[in-house]
Amino acid sequence: MDQVLQDFIAALRNSGVRISVAENMDALHAAAFMGCADRQDLKDSLSATLAKSQYEKEIFDSCFDRFFCTESPSHPEKDSHGEPEMDTGGQDSSLTEMLLSGDNVGLSIAMRQAARQANINEIQFFTQKSLYTRRILQGMGMEAVEGDIRRLSGEGMGTSLQKAKALKDARDALMQNVRNFVEQQYPLFAGAATEEIMERYLKDMRLSNLEQRDFQRMHRIVQKMVKRLNDRHSKRKKAEKRGCFDLKRTLRANVAYQGMIIDPRWKSKKIDRADIVALCDVSRSVEDFVRFMLLFFYNLNEAVVRIRSYIFCSNLVDVTHVFEEHPVEEALVRLQRGVGLGIRFGGTDYGQALRDFKENWMDRVTNRTTVIILGDARNNFGDPEMGILRLLQERSKRIIWLNPEPPTFWGTGDSEMKRYMAYCTLSRECSTVNHLQRVVDYLLRTR
Amino acid sequence: MDGISSGFAHLVGPTQRRERILMNHLHDGKFASPEEITRGFEKAGYVCSRKIATTLYLAYHLQKPVLVEGPAGVGKTELAKITAAYVDVPLIRLQCYEGLDESKALYEWKYGKQLLYTQILKDKLNDVLKGAKGLSQSMSKLHEYDDIFFSEHFLEPRPLLKALQVAEGSVLLVDEVDKSDQEFEAFLLEILSDFQVSVPEIGTIEALCRPFVFLTSNNTREMSEALKRRCLHLFIPFPDPRLEKEILRVRVPDLAEILQMQLVAFIHQVRKLDLKKVPSVSETIDWARVMLLLNASSLNQGLIRDTLNVFVKFEDDINIVHEHLHEITAAAMKEM
């Protein structure tokens, strides 16, 4: 039983559920306590000890159902016309006996034992499926069965032939069962490898190559990151609570002086949360990149700080309400298509965008605001409106410019990046999650 | 405080640890099997699913805290209350919030009392030091009295410490633990795994009897791995219609059966809508009570319209339900 549970826990770990040694032991205790007479009870108790969040519970349920699949292996209909005559001479192997008598439980146990011996939990790639199928069959003693079939067919007697045919059918069914079994086990043990690789791969992938089907996964990575940033933020916040008069600590500290207060203690509350204004270029050239950035802001918006978001192409519009009102997928599509936002998709005009911002929303920028501009600064040789950017710089705490192009391209062609750079506190290339993470770390570190 | 604790919890010095105190098995009968728990809880007015009963059963026998998660209003807090009533021990509740610290959760020194006593005892100092020659002798005389001002007489127990001091056992409910800070989580750990707390001035205080611990969380933030590791995890989702009907039957027994079915079917349709706040089980119960009060015999659209605000609490949500009223009533009817 313990061995089976260990295998199951290994499978769970592979699927991305984090299980510590302590939890492992809890699970063993729980299982020993509940016994395994009732499948549902066992499942519930393992679930309580192993899967510690809703997300993990889902994985757990699917793993449990696959690992302890109850459907008994199918067995060909037994020949209705009379039992085949036994003891026709040579000794049958144990597997042959099980096949002929239809001992499904015995077969199932033998299959699992053989699978363990074949180290099925090391299966990694789908190309290995047939290899493992063969190994398991071998481990179960398939060679002896083949021998029996040959011997029985060779004897040429009626009963022997009949028996040989029954055995052949049973053998085929068994092979099919083992194949199915390997098929079930494969995602249990190999799933994680693929998932982890995928996640690592996604983290370094160019953002513009992201596809719809990876969207959800991306979302999770960003959330993970936001969570970490959130932790850091609250820690910093906590540290700042120290420094108004703290009566309790003061009394405590001054007991030694007969209660005369000569050593006052302090604590202060000063919570300073980042206030962000984000401007996003959504022209064709940076579209996919923006999709990611907006996704990031969407998460950030929900999780950490106050953000006003604007998008621009030929003109600039406020889109904060889109983030607030719509679920993430819908919001991104709306922003990309510009549904009902009054944005014009002509040539990119940074000058016009800055003018629009100055006219309508400049008062949103205070000396505690961080302005983040996302774009390639390719202005189609229009007026860059350096003056407004300088005004922004004077009003705001800092300006951060994230450019999807590598620095070597900055200032080439119609790129105004080199000139805009002068007014930015920070200008970075940003086209992967790793880039982004560095920027956000910087954002929370510096004040 | 003195009313609850009959004596002070076991004090354990840093060097000598006492043998681990095992939870008393007074309530073994009540936790004999998950079925027994289900039955007992139903008598107390709480319908628990098989999963909940199994987890409680394990928690009692493995002596582990239970971390209960799930949407608001599915009976997470109620579970702890009913457990306390079921085993007939006091429920000690700690409501978490941002900024909760150990002086509010664990213990606090009675500073006022300490000050007062130093003032009163000042005059006694002469008597104590009588006959002592020189500073060092006075010192050693004073040392005989140890840290009298940092002893249990000056300790004000807060919920966590209180829970350890109840001799006949208790149910400790740490409510909405996700609202607390990360640091708070850290000092919960000692209680959760060893059922003891460390007070620097005194030493380690162990539980007289291990409390039954519940932590509830609405998942506003993910709890740390360390905390989760020490707990059994129970996720309570919205109940399926069958279970919810059962809950209604137990909580509002006078309600006509046809109305029970209609209410539950309707609520389940409302939960499918995209609302700011979906109606919880407690609101279903409220609604059922309202129906009882209005003497309604069956559900109709007018009645729903009039009582909508019992279970939908936002203006926007009310509008959405109004809009879809026809289709969800039709769907609810079909489901029945």
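At what angle do the axes of helix α2 (residues 21-34) of chain A and α2(B) cross, and within what distance do they come? In this predicted model, the two axes cross at roughly 110° and come within 11 Å. An angle of 65 to 115 degrees counts as roughly perpendicular, and α2(A) and α2(B) are therefore roughly perpendicular to each other. On the side of α2(A), the contact is formed by A:D26, A:H29, A:A30 and A:F33, and on the side of α2(B) by B:L58, B:H61 and B:L62. By class, the residues of this helix-helix contact comprise four nonpolar, two polar and one charged.

This helix pair belongs to the contact between the two chains, to which chain A contributes 28 residues and chain B 26 residues. On the side of chain B that touches chain A, at least two residues each are supplied by α2, α5 (111-121), α9 (182-194), α10 (225-230) and β10 (232-235) of chain B. Of these elements, α2(B) provides the largest share, with seven residues. The side of chain B that touches chain A consists of nine nonpolar, eight polar and nine charged residues.

Chain B contains 15 helices and ten strands. Its length is 336 residues, of which 34% count as buried. Considering contacts in chain B between residues at least 6 apart in sequence, 79% connect residues at least 24 apart.

Five strands of chain B form an open sheet with parallel pairing, in the order β3-β6-β9-β2-β10. The edges of the sheet are occupied by β3 (91-95) and β10 of chain B, each of which pairs on one side only. With direction ignored, neighbouring strands of the sheet are turned by 20° against each other on average.

The individual pairings can be followed from one edge of the sheet. Strands β3(B) and β6(B) are joined in the parallel sense over five bridges, and B:Q95 has B:D175 in β6(B) as its bridge partner. Strand β6 (residues 171-175) of chain B is mostly covered, with four of its five residues buried. Four bridges connect β6(B) with strand β9 (residues 212-217) of chain B, and the two run parallel; in this pairing, B:V174 has B:L215 in β9(B) as its bridge partner. At the other edge, strand β2 (residues 66-69) of chain B pairs with β10(B) in the parallel sense over four bridges, where B:V66 stands opposite B:L232. Strand β10(B) thus appears both as an edge strand of the sheet and among the elements that supply residues to the side of chain B that touches chain A.

The largest nonpolar core comprises 93 residues, and B:F214, B:L234 and B:L263 have the most contacts inside it. Helix α2 (residues 50-62) of chain B gives the most to this core, with seven residues. With residues up to four places away in sequence not counted, B:L263 touches B:L248, B:T284, B:W287, B:A288, B:M291 and B:L299. Another core, of 50 residues, lies apart from the largest one and includes A:L279, A:M293, A:L374 and A:C430.

Technical notes:
Residues numbered from 1 in each chain as written. Chains lettered and ligands numbered in written order. Predicted model: local features only at pLDDT ≥ 70, side-chain atom pairs only at ≥ 80, totals over all residues. Core = buried A, V, L, I, M, F, W, Y, C linked by C-beta atoms within 7 Å. Buried ≥ 20, exposed ≤ 12 C-beta atoms within 10 Å, placed from the backbone. Contact = placed C-beta atoms within 7 Å. Axes fitted to C-alpha atoms, helices over the stretch in contact; angles between N-to-C directions. Parallel < 35°, antiparallel > 145°, perpendicular 65-115°, else oblique. Nonpolar A, V, L, I, M, F, W, Y, C, P; charged D, E, K, R; others polar. Pairing = 2+ DSSP bridges.
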